[in-house]
Amino acid sequence: MTKLGTGAFTGDQDNHPYHNDLKTAIDYDILESGFSILDHKNNISVITTGYRFVADRLVGYLDTKEGDEILDVGSGTGITTLELVLQNPNIKSVRGVDISKGMTHLSSYKFHKLDEKSEEIFKHVGNDKVEDYWKNFRKESLPYKDKVSFINADFLKYEENFKEKSFDGVIASQFMHWVDLSSAFKKMHQILKDGKNVVWNSASHFFNDATYPTEMYGMRYNDFIKYVMEEVSKEVTVKDYKTLSVPKHNIDTIKKISSENGFETKQVAVHLIPYDYKFVRKYHIPAFVKALTDPNINPEFLKEITDRAIAKTINNPNALDDTINAYDIDPIFVSTKQ
Ligand SMILES: C[S@@+](CC[C@H](N)C(=O)[O-])C[C@H]1O[C@@H](n2cnc3c(N)ncnc32)[C@H](O)[C@@H]1O
């Protein structure tokens, strides 16, 4: 096995030694392993990672009982899955579903689901921080590995994978804004047992919270991306980016859509999560630029114009005027099947 240098994460994607999809998944955990939050839980201060912090809070809102079978939708790299089993050791099983092959592969690694040969790639990514993070994660997940399973599928086409009314609860951490809300509720209604809950969260680009309105507390990275796209649009054609900072929903629209699909929804909490612009620049912006420009554009050229646009944006005093409030909201909802 060739040892991959850190350059493997920044180099030419087409010649990358493993599938891009897996690279995205690994990048997700590199971000997670490099971002820490001081957490004052139960009067004890601990340092925790970003998505883990969010998952920890979210899972606390799911009521479970012995023998329950839980679905983790958009399970990603398994961060919420781990919180589910740690906080609810009596449940029978957690099934993770993710549309990305890479995410599913990585979550399977983190829960000891791969054979030795398939594990190899994760031991040579050339990033000590993430490798350490996986080592600790795998220590925590080991006692629960037989309760957990992952499938690589589109949740919205669940028919092939799930039976009707087969789950006692659904958790969806940072998932709902990836899909059409109405379609997601429709599927959740079919697979959940009667009276059971979907516990889910989102972010400021999706939800305008009355307590922490987006224009004051939202993740200003939405605006930052808007400024970057403005610069990019001077060089190539870009799809609509001007609405990036405008959240699509408030509590009334969410209640309405969920009710049309057989759920009653309550917002049970909102947290403020610190955000790090370094990561936005490194991970989020390239993804947005890629999604909003021509898919056939030369990747080298795309990287060049993205870097140029970021540099110009950083020099734009309007773009970074909210670095003090570098927070995103994490609103939490419980939707109960009627
Ligand atoms: C922001 S990640 C959240 C991951 C994880 N829940 C966590 O707490 O870290 C969102 C995930 O949803 C997945 N996803 C998006 N659309 C999906 C779909 N239609 N079906 C299943 N998974 C989907 C993505 O591949 C991604 O892994």
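The shell around the ligand is made up of nine nonpolar, seven polar and two charged residues, where Ala, Val, Leu, Ile, Met, Phe, Trp, Tyr, Cys and Pro count as nonpolar, Asp, Glu, Lys and Arg as charged, and the others, Gly among them, as polar. The model is a predicted one, in which local features need pLDDT of at least 70 and side-chain atom pairs count only at pLDDT 80 or more, whereas totals for chains, interfaces and linings use all residues. Residues are numbered from 1 along each chain as its sequence is written, and side-chain values use heavy atoms, with hydrogens and water left out.

Of the 18 residues around the ligand, those that come nearest are Tyr 28, Gly 74, Thr 80, Asp 98 and Asp 154, a residue being near a molecule or strand if one of its heavy atoms lies within 4 Å of it. Asp 154 places a polar side-chain atom 2.8 Å from a nitrogen atom of the ligand. Backbone atoms also approach ligand nitrogen: a backbone N or O atom of Phe 155 lies 2.9 Å from a nitrogen atom of the ligand, and a backbone N or O atom of Ser 173 likewise lies 2.9 Å from a nitrogen atom of the ligand. The protein buries 94% of the 600 Å² that the ligand exposes when taken alone, with accessible areas obtained by the Shrake-Rupley method with a 1.4 Å probe and, for residues, only the protein chains shown counting as cover.

The count of salt bridges comes to 21, a salt bridge being a side-chain nitrogen of Lys or Arg within 4 Å of a carboxyl oxygen of Asp or Glu. The side chains of Lys 92 and Glu 69 form one of these, at 3.5 Å from N to O. This pair links distant parts of the chain, 23 residues apart, with Lys 92 in the loop between α3 (79-87) and β4 (93-98) and Glu 69 in strand β3 (residues 69-73); helices (H or I, at least four residues) and strands (E, at least two) are DSSP runs, numbered from the N terminus. Lys 92 is exposed, with a relative accessible area of 52%, while Glu 69 is partly exposed at 28%, where buried means under 20% relative accessible area, exposed over 50%, and partly exposed in between (1.4 Å probe, protein chains only).

A salt bridge between Glu 304 and Arg 308, at 3.6 Å from N to O, lies within helix α12 (residues 299-314), its partners being four residues apart, about one turn of the helix. Both are partly exposed, Glu 304 at 43% relative accessibility and Arg 308 at 33%. Salt bridges that share partners join Asp 39, Asp 56 and Arg 57 into one network. Within this network, the closest N and O atoms of Arg 57 and Asp 56 are 4.0 Å apart; Asp 56 is buried, at 9% relative accessible area, whereas Arg 57 is partly exposed, at 22%.

In the loop between α3 and β4, Asn 88 is buried, with a relative accessible area of 10%. Its side chain is joined to that of Thr 64 by a polar contact of 2.6 Å, a polar contact being a pair of N or O atoms within 3.5 Å, of which, within protein, one must be able to donate a hydrogen and the other to accept it, and residues adjacent in sequence count only if both atoms are side-chain atoms.
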